Amino acid sequence: MALCAATILSACSLTPSKMTYPETKRVDTVDVYFGQQVPDPYRWLEDDNSTETVEWVKAQNKLTRSYLDALPYRKEISSRLTELVNYTRRSAPSKHGDKYFYSKNDGLQNQAVYYMADSDTDDGIVCLDPNKLSEDGTVALSTFSVSDDGKYLGYGVARSGSDWNEFYVRDLSTMKDLDDHLMWIKFSSLTWHKDGFFYSRYPQPSEEDILKGENTDNTICYHKLGTPQSEDVTIFADPSQPQRGYDTSISADGKVLVITATESTSGNGVFIKRLDQPNSSVIRILDQYKYDYLHIGDDSENIYFMTNKDASNYKIVSLNINSAKENAPLNTLLDEQKDAIEGAACRNGKLCVTYMHDAYSLVKIYDANGNESDVVSLPGIGSVSGFYPSKESDAIYYTFTSFLSPSQIYRYNINSKENVLLIKSDMKFNFDDYLTEQVFFDSTDGARIPMFIVRRKDVALNGNAPAWIYAYGGFNISMTPSFSSNILAWIEQGGIYAMPNLRGGGEYGDNWHKAGTLMQKKHVFEDFENAARYLINNKYTSADRLTCSGGSNGGLLIGAVVNRHPELYRVALPSVGVMDMLRYHKFTIGRYWATDYGTSEDSLQMFEYLKSYSPVHTIKDQNYPSILVQTGDHDDRVVPAHSFKYAAGLQHCYSGPNPMLIRIESNAGHGAGKPLSKIIEQQTDVFSFIFHEINQTYVAK
């Protein structure tokens, strides 16, 4: 089957399309890789500021809206999605000084509101309401950090979904903001110390590069409260390594600053600075970037790290602070186990470790010598978060969730081992009528892949049920059971929801991750395709009833598998996907993904491998499922040009009856912080599209 004219300059062979798409100009731009010419006819769409691109976006959205707005059941779907999400959602509390802080959404608020309380069960008072930051909810809270004494709140906001953050400081005694205002911040924590905090920032970019320019020359700074950002003190910078990024954490006693240096999404360096020693220099402890070292806690003598060095499933090691130097020896506190470590925290002489067992959580407690002292009893197969000891008390607050369980908040006493349910979400839904099962299947090379399947108990497994398969498969990110009212909206209609745990993720440790990277990336696609075949062969669904979706790296996944085997799916929903694998590293922070993907400049072999699955380069003259591409106009992580090019290529090549549409959200980015109103609007479009394309009747609830 020949490649489409989107990537080679030839004519498509399919019959004329039943849908008329906006005309997309094609240019003769050609790149040369290792002597091979690669046309890029939609290069002009990379300029998001140009008048031509703006007009193209308007034309595409006009067509997409005319199609989606005419679909049946929209009112009923929107109403039900709104009903299902209208329940109180609360985070686990954290203690700072003598106060407790948590967030809560009463149901239909665009953004969760933050509270300060006198106890871990009190309602308290509002300390920050992000809904008041903008009229339309497009200014979202990105960072929330309370000083150790509970006097100040440092918070970051992101506008219109951008990764750019602005930091502010609020006096919690008056609930008024100070004059402090910091800008040009990305992927930075806010680390309190004395009368200010550490953070990382980039130089101010030019106007045209704000959303697409490459982010370089990251710097660690210290900001003293009450002073302008221009007076911030540079703590660490390395002009010889402009592409590195930095972040900070601090020891519980405030004596040691830990700086994490990154060049990619895998592997990092570790530097420390003694804050208790005046004019101390930054000491490079680990500067090789081959392994991960995550600072998980400390005591008066040691800093503790979770690492995958010589341990695919991760282990816990310690560094003696007083002998810290470059390549200083690390002592093992807890050896690698059969299950991979998902997260860990060490404080007050206790080590709390969350493991993944077949992609769901187990929690164990160890003493200071690495001896197991408790296995925390969890309410079922699901995921825990926030299992971190506080230096203020013996209480640990954590959240448990699963596909069929909204958030449950627990208080665990690290000494008495008492485990108490504090808060359970009250939601009107008959969960007893539904079930979650976990199945295993063999991928193309024989690898054993797990998959969660959620459905109504009375759904007949005869191949007639509609099914929705969602996955990610990359960057060591694990897909564990989590709650979503959108899943409920699907399964109550008799739909089946499936989530396979593909290689490339972290469910079984670093080896599992690496098995889906670089020259093994196609394992991810094969795992997903075999998950789809499992659902079809075992009569959970059929190919003409199956929807596939994924976002970001998962958007790449959907673009790739649909090009490879379109016959397996009836509907495809690639969202904010990395679609141009030859040029992804040239925008914003894209170069960080090279440890997972490799780049087109690495070698002839790597270039050819990337081109062989790159979605914009592998569109073919074939019968595609109905496709709704989704992106945001302010996405500065995976720039929207990826989706623009992919949609343009599909529309140019495909001439069959199924729609090839792109939904471009305005004032939206990669997804984080999106207001609830926009989420409901988007999901209404998605559900309406699926039900129409699979010819499924929607039954109002």
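# Group meeting: a walk through the strands

Hi everyone, let me begin in the middle of a sheet: Tyr 222 of strand β14 has Val 233 as its bridge partner in strand β15. Before I go on, please keep in mind that this is a predicted model.

Let's stay with β14 for a moment. On one side, β14 and β15, which covers residues 233-236, are joined by 3 bridges and run antiparallel. On the other pairing, strand β13, residues 196-201, is also antiparallel to β14, with 6 bridges joining the two. Tyr 222 turns up again here, as the β14 bridge partner of Phe 198. So how much of β14 is buried? Of the 6 residues in this strand, residues 219-224, 5 are buried, so the rest of the structure largely encloses it.

While we are in this part of the chain, have a look at Trp 192 and Phe 197. These two form an edge-to-face aromatic pair, with 5.4 Å from centre to centre and 75 degrees between the planes. Trp 192 and Phe 197 are both buried. That pair has company, since the structure holds 44 aromatic pairs. There is also an aromatic cluster, made up of Tyr 73, Trp 468, Trp 490, Phe 687, Phe 691 and Tyr 698.

Rings also come with charges in a couple of places I'd like to point out. Arg 89 places its charged end over the ring of Tyr 87, at 5.1 Å from the ring centre. Lys 104 does likewise with Tyr 115, its charged end sitting over the ring and 5.1 Å from the centre.

Now let me step back to the whole chain. How many helices and strands does the protein chain have? There are 10 helices and 39 strands. The radius of gyration is 25 Å, close to the 27 Å that the globule rule gives for 701 residues, so the chain is as compact as a globular protein of that length. The C-alpha trace spans about 75 × 60 × 50 Å along its principal axes. Of the 701 residues, 61% count as buried. And if you take contacts between residues at least 6 apart in sequence, 58% of them join residues at least 24 apart.

On to the sheet I enjoyed most. Here 8 strands make an open sheet with mixed pairing, and the order is β32-β33-β35-β34-β36-β37-β38-β39. Which strands stand at the edges? They are β32, residues 434-442, and β39, residues 660-665; each has a single partner strand, so one side of each is left without a neighbour in the sheet. On average, and ignoring direction, neighbouring strands in this sheet are turned by 20 degrees against each other.

Let's walk along part of that order. Strand β36, residues 546-551, runs parallel to strand β37, residues 571-575, and 5 bridges join them. One bridge partner to look for is Pro 574 in β37, which goes with Gly 550. Next, β37 and β38 are parallel too, joined by 3 bridges. Val 571 has Ser 626 as its bridge partner in β38. Then 6 bridges join β38 to β39, again in parallel. In that step, Leu 628 finds its partner in Leu 661 of β39.

What about the burial of β38 itself? This strand is mostly covered, with 7 of its 7 residues buried. In a regular strand, side chains alternate between the two faces of the sheet. In β38, Ser 626, Leu 628, Gln 630 and Gly 632 point one way, while Ile 627, Val 629 and Thr 631 point the other way, and all are buried.

Two helices lie across this region. Helix α1, residues 51-69, lies across β38 and β39, and runs at about 110 degrees to β39. Helix α9, residues 641-653, lies across β37, β38 and β39, running at about 155 degrees to β38.

One last stop, a single residue. Thr 399 sits in strand β29, residues 395-402. Is Thr 399 buried or exposed? With a relative accessible area of 13%, Thr 399 falls under the 20% cut-off, so Thr 399 counts as buried. Leaving aside residues up to four places away in sequence, Thr 399 touches Ala 92, Ser 383, Val 384, Ser 385, Ser 407, Gln 408 and Ile 409.

Thanks for listening, and I'm happy to go back to any of these places with you.

Definitions and conventions. Residues numbered from 1 in each chain as written. Predicted model: local features only at pLDDT ≥ 70, side-chain atom pairs only at ≥ 80, totals over all residues. Heavy atoms only, no water. Buried < 20%, exposed > 50% of the residue type's maximum accessible area, 1.4 Å probe, protein only. Helix = DSSP H or I, 4+ residues; strand = E, 2+ residues; numbered from the N terminus. Pairing = 2+ DSSP bridges. Axes fitted to C-alpha atoms, helices over the stretch in contact; angles between N-to-C directions. Contact = heavy atoms within 4.5 Å. Phe/Tyr/Trp six-rings, centres within 6.5 Å; stacked < 30°, edge-to-face > 60°. Lys NZ or Arg CZ within 6 Å of the ring centre and 35° of its normal. Rg over C-alpha atoms; globule rule 2.2 N^0.38 Å.
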